[in-house]
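Please read the following report alongside the sequence and the three-dimensional view. It begins with one residue and its surroundings, and then turns to the chain as a whole and to selected helices and loops.

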Amino acid sequence: MTYTVAVRELCEFTAKQGDLDLRFTPAPTALEGIAGHAVAASRRGAGYSAEVILSGSYQSLRVRGRADGYDPTQQRIDEVKTFKGQLDRQPASHRHLHWAQAKVYGWLLCVQEQLAHIDVALVYLDVGTQQETVFTERCSADDLRQHFEAQCQRFIAWAEQQVAHRAARDAALATLAFPFGGFRTGQRPLAEAVYKAAVAGRCLLAQAPTGIGKTMGTLFPLLKAAPAQGIDKVFFLAAKTSGRQTALDALTRLSHSAPALPLRVLELVARDKACEHPDKACHGESCPLARGFYDRLPAARAAAVATTIEGKIAPALQQARVREVALQHEVCPYYLSQELARWADVVVGDYNYYFDLGGLLHGLAQANQWRTALLVDEAHNLVERGRKMFTAELHPAALTQARSSPTAAQHAPVKKALDKVRRAWVALDKAHPAPYTVLEEFPDKLLAALQQCTTTLTEHFTDHPTEPDGALQAFYFDALHLQRMADLLDAHSMVDITQPDQRSVHAQAKGSKPGDSVVCIRNVVPAPFLQPRLAAAHTSTLFSATLQPARYYADLLGLPDNHVWVDVESPFAAHQLQVQVARHISTRYAHRAASMAPIAGLMAQQFRARPGNYLAFFSSYDYLQQAAALFAQQHPDVPHWCQSRRMLEGEQREFLARFTDTSQGIAFAVLGGAFAEGIDLPGQRLIGAFVATLGLPQINPVNEQIRERMQTLFGAGYDYTYLYPGLQKVVQAAGRVIRTPSDEGVVHLMDGRFAQAQVRSLLPAWWQTR
């Protein structure tokens, strides 16, 4: 069996050496890089060939790639690298890697064109000045062959191990049995749909009830399909930590059910959760785990992917395991996990690892031409998460802190550039003094000032790489992201300016002044950004208990026209869940005060009729606190506890720990918050829920503009902006009550609007509201 590797990945494996060095070095964006390569190619002669596809073999290894350019008249191959700043500050290790790549391409071209020698050139293009610096080395074909074979020899043992691993993995997956005695009701249709989508290479949107085992019902069939479909990697993408843990638990169960299953499972976590030395910078002169990182990486990598440890099956590469291996070999756990993503079969991580503009997993998949399969957990969250990924904001406090930084005080060009941004911002606010303004395009003068400022800051950071300035860098990155989104601005996003809220006492006392606004490129429809990522995968399944109506999610997530929709029938019977509509209650904002007493009375009545554990959901913390205070005053004998703002993970665990099989009480929580989805409280741990809201987003100028944009694009402005997102949260929250076929409970929908026909049509079909 042949192992195929990209030139870049081969050299990343064999030629990287020395320290991990992540001191700030300004780098071109992907668009700047593409443009830079085009500029370099346009300057060559008429016979010049750009993007030359090359491949070659060494024993069982096939190496392929795309050389940046070849000039047959000069017999020269170019490896083009774009950069910002000063080239003489480039680390020697980077230059070493670039030469390694260039010479591999040189050998592959010598074979293809039957050349005895060739000039190998490193072409460094400054994207700011458009000037080129070229380093050329004349190489004989024999020298290049020796270089190529040396790289291959360093890699081939690993490649042979990978080939053996892949063969063993696929053989085991082909015979993998479902790890439970049988499928739950509804789980088999879901699994069949996932399998068929994988075989057909299509995108599946699957609505499946909470409690049927969606995670196992999607992972198992996709892994079964992987061998025949040639799937290299499965990416399980989740919105929350709980979703990642459920996936890891399911994969552990699969491994235990098939002890011979050599499946490499990797968990990716955020940098702040994996960093061992948060007080140190990411380079060898500061952090001991960065010093010599690439020299110690091979041993750490080999230990991490070992299938057995002391004769026992090695555990999955969850955060604790990666940390253990990393510290044993004195390398950074976070960056070890990034390296291991290349060699894992299943990667479990947050949405942003694939869908973000700089998503690691998508970048690796493209570079290596992997055939990937996506599982997107709780996919209803991807709408809002996608909007956040592709939204860019400038806050006045960030500019103020940057202007007050030591760097600005000591370096006149930096201060001058920041001051120019401030002046442009003040002028913009003077021209648009209204509390909220939507612009047709991003303001030219502010954009020009930001571009000049980021250029100045780029030069400064390049000249002073050992002088970190957190406030200045934070503003710099915000400005760069905003410029990038300005370049991509289209109907999917809007530009708005929000002045300080004069309704607050603090704001009125302080008084606002021009330059205090928040300037935003606000993404409304993430589909144009998500669609290419979905299309890049061989197959993808987006699943959730709340994906209704399907057209809404297809429109906003950019699903391909030929995607498949499946609505899995619920395994639960109507008698298991009493759904009662409190028609006498209105939770509209104007009626909030009047709603408190009947809400408290209804909750107390239900608790006394059937004591146990309940969750009560409200639309905001203020509403929650007022309702809880009144409830405590009127019914002091009923135990209750409340969710608070910005609860830490430990506090969240304590909140949930109060739900036991023998406890009783009512927990007050916010709809759409940490306790409204993704938690599992089966049996007597939770027997009912109260929902004192339709979950509709607040009517405000921003949402009204979104409604207008949705109306223009899809013809359903109110539904797309308010109704569908609101009821999705309600159904998710109510779904906490019935988790297993033996559960029974009650849900009180405390608002008369739940009786409306359109609202009822968006609730689960198996609910019978009263």
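## Leu399 and its surroundings

Leu399 has its place in helix H15, which spans residues 396-403; helices here are DSSP runs of H or I with at least four residues, strands are runs of E with at least two, and both are numbered from the N terminus. The model is a predicted one, in which local features need pLDDT of at least 70 and side-chain atom pairs count only at pLDDT 80 or more, while totals for chains, interfaces and linings use all residues. Residues are numbered from 1 along each chain as its sequence is written, and side-chain values use heavy atoms, with hydrogens and water left out.

With a relative accessible area of 1%, Leu399 is buried, a term that stands for under 20% relative accessible area, whereas exposed stands for over 50% and partly exposed for the range in between (1.4 Å probe, protein chains only). Leaving aside neighbours within four places in sequence, Leu399 is in contact with Leu418, Val421, Arg422, Trp425 and Phe475, where contact means heavy atoms within 4.5 Å. The C-alpha atom of Leu399 is separated by 57 Å from that of Leu115, which lies 284 residues away along the chain.

## The chain as a whole

The secondary structure of the chain comes to 28 helices and 25 strands. The radius of gyration is 29 Å, close to the 27 Å that the globule rule gives for 770 residues, so the chain is as compact as a globular protein of that length; the radius is taken over C-alpha atoms, and the rule is 2.2 Å times the number of residues to the power 0.38. Taken along the principal axes, the C-alpha atoms fill a box of roughly 90 × 70 × 50 Å.

Of the 770 residues, 55% count as buried. Among contacts between residues at least 6 apart in sequence, 79% join residues at least 24 apart. The chain exposes about 33,300 Å², of which carbon and sulfur atoms supply 50%, with areas computed by the Shrake-Rupley method and a 1.4 Å probe; for residues, only the protein chains shown count as cover.

## Helices H9, H14 and H22

In helix H9 (residues 293-304), the residues Phe293, Tyr294, Leu297, Ala300, Arg301 and Ala304 are buried. They cover an arc of only 105° around the axis, which puts them on the same side of H9; the arc is that of the directions from the helix axis to the C-beta atoms. These buried residues of H9 pack against helix H1 (7-14), helix H4 (141-174), helix H10 (319-328) and helix H11 (333-340).

Helix H14 (residues 381-389) holds Arg387, which counts as buried at 12% relative accessibility. Apart from its neighbours within four places in sequence, Arg387 is in contact with Asn523, Val524, Pro526, Leu556 and Met710.

Leu556 is also one of the buried residues of H22, together with Ala550, Tyr552, Tyr553, Ala554, Asp555 and Leu557. Seven of the eight residues of H22 are buried, so this helix is largely enclosed by the rest of the structure. The loop between strand S18 (539-544) and helix H22 (550-557) contains Pro549, and the peptide bond that leads from Gln548 to Pro549 is cis, with omega near 0°. Just after H22, Gly558 takes a positive phi of about 75°.

## Partly exposed residues

Most residues other than glycine have a negative phi, and most peptide bonds are trans. Gln75, although not a glycine, has a positive phi of about 55°, and Glu330, likewise not a glycine, has a positive phi of about 60°. The table gives the place and relative accessible area of these two residues and of Asn352.

| Residue | Place | Relative accessible area |
|---|---|---|
| Gln75 | loop between strand S3 (61-71) and strand S4 (76-83) | 23%, partly exposed |
| Glu330 | loop between H10 and H11 | 49%, partly exposed |
| Asn352 | helix H12 (residues 352-355) | 30%, partly exposed |

Asn352 touches Gly359, Arg385 and Met389, not counting residues up to four places away in sequence. Asn352 and Leu237 are 115 residues apart in sequence, and their C-alpha atoms are 8.4 Å apart in space.
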